[in-house]
Amino acid sequence: MPPRRENSLAREIVAALAKLNLLNPALRANMNDRAMEAMKAFCHMKPPQFDGESSDPLVVDHWLSQIRKIFNALKIMEDDLRVSIVACQLIGEPNEWWELVLGVRRDARKVARAVNRTNEPDVENLTWVEFEVLFENQYFLETCREQLREQFEKLEQGNMTASDYIVKFQSLSRFAPELVAMEARKCRHFEKGLHSSIKLLVASQHIRKFSEIVECARSVENPMGA
């Protein structure tokens, strides 16, 4: 992204934070530089945008994972910066959804303040975790996550190559974390789904380290395909 565009986005973020009263006088002087620095670094990583057009729930999960990975790599940990920056990556309908979310939260907060309540949605203190929950509830429904978990539980290699099976296994495994939390259990589940012609040879090795069982499956299959 050209430097001029990066600077423009960074200024937009600072302006938005100031408008929401997120910048108190003590922080105002430093926040502009920090937001500019964070936005430039973020844009340099060429982050993907999200348009919400794909019906594949894995696309949604992958996008959020990529954004999270970039934030972690750049050590952008501040909630206000994360939320403001990620909002710049929402385009089309997702951007309209986000504007609606913010509008509803602002209106609820105004009503709460009018009657001296403070437990209503607070736009100023929206955390990254809260954004993730809102986003997933809108674009990655619990029913979709359950379906992906079931796919993982029933996953078999079938006609896939060992490499394709490994990729599919890793992609779906995050939807059933308790099944892969322990290396030995993860290996057993992986082994169970292998094609019978590979499974017997792999099982005979009694491997209980995932990186090793993956390499074993590949090495067993390669001579067969040669």
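Which residues does L58 touch, not counting residues up to four places away in sequence? L58 touches L148, S171, R174 and F175. The model in which these contacts occur is predicted.

## Overall make-up

The protein has twelve helices and zero strands. Its pattern along the sequence is therefore α-α-α-α-α-α-α-α-α-α-α-α, with helices counted as DSSP runs of at least four residues. Of the 226 residues in the protein, 39% are buried. The exposed surface comes to about 13,100 Å², and carbon and sulfur atoms supply 53% of that area.

Among contacts in the protein with a separation of 6 or more, 62% are accounted for by residues 24 or more positions apart.

## Confidence

The average pLDDT of the protein is 84, and 81% of the residues score at least 70. Among the elements, helix α10 (residues 183–193) has the highest mean pLDDT, 95. The lowest mean, 56, belongs to helix α1 (residues 3–19). Over residues 20–24 the pLDDT is below 50, and this stretch has eleven contacts in the model beyond near neighbours in sequence.

## L58 in helix α3

L58 is placed in helix α3, which covers residues 57–73. Its relative accessible area is 19%, so L58 is classed as buried, the cut-off being under 20%.

L58 and R145 are 87 residues apart along the chain, and their C-alpha atoms are separated by 9.2 Å. The contacts of L58 given at the start are with L148, S171, R174 and F175.

## A38 and helix α4

A38 belongs to helix α2, residues 25–44. Is A38 buried or exposed? A38 is buried, because its relative accessible area is 1%.

Leaving aside neighbours within four places in sequence, A38 is in contact with I76, L81 and I85. Of these partners, I85 is 47 residues from A38 in sequence, with a C-alpha to C-alpha distance of 8.7 Å. Both L81 and I85 are among the buried residues of α4. Helix α4 spans residues 79–87 and is mostly covered, with seven of its nine residues buried. The buried set consists of L81, R82, V83, S84, I85, V86 and A87.

## Q89 in the loop after α4

Q89 lies in the loop between α4 and α5. Its relative accessibility is 5%, so Q89 counts as buried.

Not counting residues up to four places away in sequence, what does Q89 touch? The contacts of Q89 are F42, P47, P48, Q49, F50, W63 and I67. Of these, F42 falls within helix α2 (residues 25–44), while W63 and I67 fall within helix α3 (residues 57–73).

## Packing of α5 and α6

Helix α5 (residues 93–114) packs with helix α6 (residues 128–139) at an angle of about 125 degrees. The axes of the two helices are 12 Å apart. Why are α5 and α6 described as oblique to each other? The angle of about 125 degrees lies outside the ranges for roughly parallel, roughly antiparallel and roughly perpendicular, so the pair counts as oblique. The crossing of α5 past α6 is right-handed.

On the α5 side, the residues that meet α6 are E93, P94, W97, W98, V101 and R105. Their counterparts in α6 are E130, F131, L134, F135, Q138 and Y139.

Notes
Residues are numbered from 1 along each chain as its sequence is written. This is a predicted model: local features need pLDDT of at least 70, side-chain atom pairs count only at pLDDT 80 or more; totals for chains, interfaces and linings use all residues. Side-chain values use heavy atoms; hydrogens and water are left out. Buried means under 20% relative accessible area, exposed over 50%, partly exposed in between (1.4 Å probe, protein chains only). Contact means heavy atoms within 4.5 Å. Accessible areas come from the Shrake-Rupley method with a 1.4 Å probe; for residues, only the protein chains shown count as cover. pLDDT is the predictor's confidence in each residue, from 0 to 100. Axes are lines fitted to C-alpha atoms, for helices over the stretch in contact, and angles run from 0 to 180 degrees between N-to-C directions. Angles under 35 degrees count as roughly parallel, over 145 as roughly antiparallel, 65 to 115 as roughly perpendicular and the rest as oblique. A crossing is left-handed if the near helix is turned anticlockwise from the far one by less than a right angle, and right-handed if clockwise.
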